[in-house]
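Please read this briefing with the sequence and the model side by side. The notes are grouped by topic and can be checked against the coordinates as you go.

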Amino acid sequence: MSKTKKLVSAACVAVLASCIGGMVQVRSAAAQTNDAFAQENKTIPVGEGEFRLVVKRGPVNVFTYRPKSFTPNSPIWVVIHGQKRDVAEHSAFDYYDTWAPLAEKAGALLLVPEFVEQSWPTSWQFQFGNVMTKSLKPVPWEDSGFAVVEMAFKRAVAMTGSHRQRFSIFGHGGGAQWVQRYVLHSGGRYIARAVAANPGWYMLPDDEFKYPYGIQGTSITPATLRGAFATDFVLLLGQADVQTGGIIRNNRETSAQGTTRFARGHFYFNRAAADAKRIGAKFAWHLREVPGAGHDDADMAPAAAAAMMERR
């Protein structure tokens with residue numbers, strides 16, 4: 001995606017967010033997605049494109065890549081960027097540039113939503129999906145970050161005539177934490193395959209810990225949890241992602257999961273398998289390691305794309 005287009009898109013989000021901040025509070029999520037900008041975009045073009053969703057927290061640009069080979073039966077991929085969300089940093093575009101060639105090779109329609117820091121300022125709004133406030137008050141699903149992706153998928157289906165009823169989704173780092181939580185909160189209802197690479201820590205799928213470290217205090221039902229365990233979910237871990245410093249949360253709850261992202265991934269997978277067995281649920285998750293890969297999306301993306309294309 002060209003640098004000029006990146007700058008214009010980022011500026012549009014910031015300006016529009018400040019201009020309509022008061023207005024969007026009184027509109028339903030469904031009405032907000034039918035804004036004039038979206039109505040002007042009746043189809044997703046071949047190659048680079050974008051459309052905008054206007055939701056309660058402000059506008060979300062969804063950057064698209066449509067291969068020439070795309071058909072109504074082609075897969076739809078969603079990529080969630082990492083935790084760096086300043087509109088001037090263009091984190092979403094870094095992921096877009098990595099994933100567009102992979103989508104072209106797979107013949108998949110690529111959707112990369114941008115959750116800018118101005119609208120989704122903290123981990124509670126972004127990585128955690130904006131489903132709970134810090135006082136542990138539930139946020140309506142339609143106002144969550146998870147709902148944004150579901151809206152984007154439905155919009156893309158309508159704009160392309162796709163026959164797909166489910167999408168595959170990938171996230172790395174902070175984006176992987178987003179994906180891991182989306183699987184648990186949604187029960188996998190729209191997911192064909194989910195791949196989470198190198199999350200820093202996890203929401204454990206049991207009630208030993210309070211939210212956001214466990215599901216104690218959430219509205220996740222046993223039926224939703226069973227759906228989550230039955231989801232085609234791949235936990236992808238870089239074997240060299242073993243740093244204990246830098247941007248990684250260390251407290252009593254996360255330290256119980258391990259000292260490194262690599263160790264925490266193995267802990268989480270084994271914990272989830274045990275939880276699924278305890279409640280008699282089908283466990284369809286997979287854990288894979290990427291030799292030589294550290295905490296870098298570009299290192300993990302080829303293995304993630306291969307996992308998303310894999311037939312089983």
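The points below cover the sheet, the helices packed on and around it, the largest pocket, and two local backbone features.

This is a predicted model. Its eight-stranded sheet is open and has mixed pairing, and the largest pocket holds about 700 Å³ of space. Helix 6 (174-186) recurs in several of the groups below, since it helps to line the largest pocket, packs on the sheet, and meets both helix 5 and helix 7.

**The sheet**

- The strands of the open sheet follow the order 1-2-4-3-5-6-7-8, and their pairing is mixed.
- Strand 1 (47-55) and strand 8 (286-290) are the edge strands, and because each has a single partner strand, one side of each is left without a neighbour in the sheet.
- From one strand to the next, the twist averages 20 degrees.
- Strand 3 (residues 76-80) is paired with strand 4 (residues 109-113) in the parallel sense, over three bridges, and Val78 has Leu111 in strand 4 as its bridge partner.

**Helices on the sheet**

- Helix 5 (residues 145-160) lies across strand 1, strand 2 (58-66), strand 3, strand 4 and strand 5 (167-172), and it runs at about 130 degrees to strand 1.
- Helix 6 also packs on the sheet, where it touches strand 3, strand 5, strand 6 (191-197) and strand 7 (233-238), and its direction makes about 140 degrees with that of strand 5.

**Contacts between helices**

- The axes of helix 5 and helix 6 come within 10 Å and cross at roughly 85 degrees; an angle from 65 to 115 degrees counts as roughly perpendicular, so helix 5 is described as roughly perpendicular to helix 6.
- In this contact, Gly145, Phe146, Val149 and Glu150 of helix 5 meet Trp178, Arg181, Tyr182 and His185 of helix 6, and by class the contact of the two helices has four nonpolar, two polar and two charged residues.
- The axes of helix 6 and helix 7 come within 6 Å and cross at roughly 130 degrees, an angle that makes helix 6 oblique to helix 7.
- Here Val183, Leu184, His185 and Ser186 in helix 6 meet Thr224, Leu225 and Ala228 in helix 7, and the contact has four nonpolar, three polar and no charged residues.
- His185 is listed in the contact with helix 5 and also in the contact with helix 7.

**The largest pocket**

- The largest pocket contains about 700 Å³ of space, and of the 29 residues that line it, those closest to its centre are Gln83, Gly173, Gly174, Ile247 and His295.
- Helix 4 (91-106), helix 6 and helix 10 (297-309) each supply at least two residues of the lining, and helix 4 gives the most, with three residues.
- By class, the lining is made up of seven nonpolar, 15 polar and seven charged residues.

**Local backbone features**

- Most residues other than glycine have a negative phi, and most peptide bonds are trans.
- The peptide bond that joins Tyr211 and Pro212 is cis, with omega at about 10 degrees, and Pro212 is found in the loop between strand 6 and helix 7 (222-229).
- Asn130, a residue other than glycine, has a positive phi, near 55 degrees, and Asn130 lies in the loop between strand 4 and helix 5.

Key: Residues numbered from 1 in each chain as written. Predicted model: local features only at pLDDT ≥ 70, side-chain atom pairs only at ≥ 80, totals over all residues. Heavy atoms only, no water. 1 Å grid on protein atoms, 1.4 Å probe; cavity = no way out; pocket = protein on both sides within 12 Å on 5 of 7 lines; lining within 4 Å. Points joined across faces, edges and corners; volume = space filled by probe spheres on them. Helix = DSSP H or I, 4+ residues; strand = E, 2+ residues; numbered from the N terminus. Nonpolar A, V, L, I, M, F, W, Y, C, P; charged D, E, K, R; others polar. Axes fitted to C-alpha atoms, helices over the stretch in contact; angles between N-to-C directions. Parallel < 35°, antiparallel > 145°, perpendicular 65-115°, else oblique. Contact = heavy atoms within 4.5 Å. Pairing = 2+ DSSP bridges.
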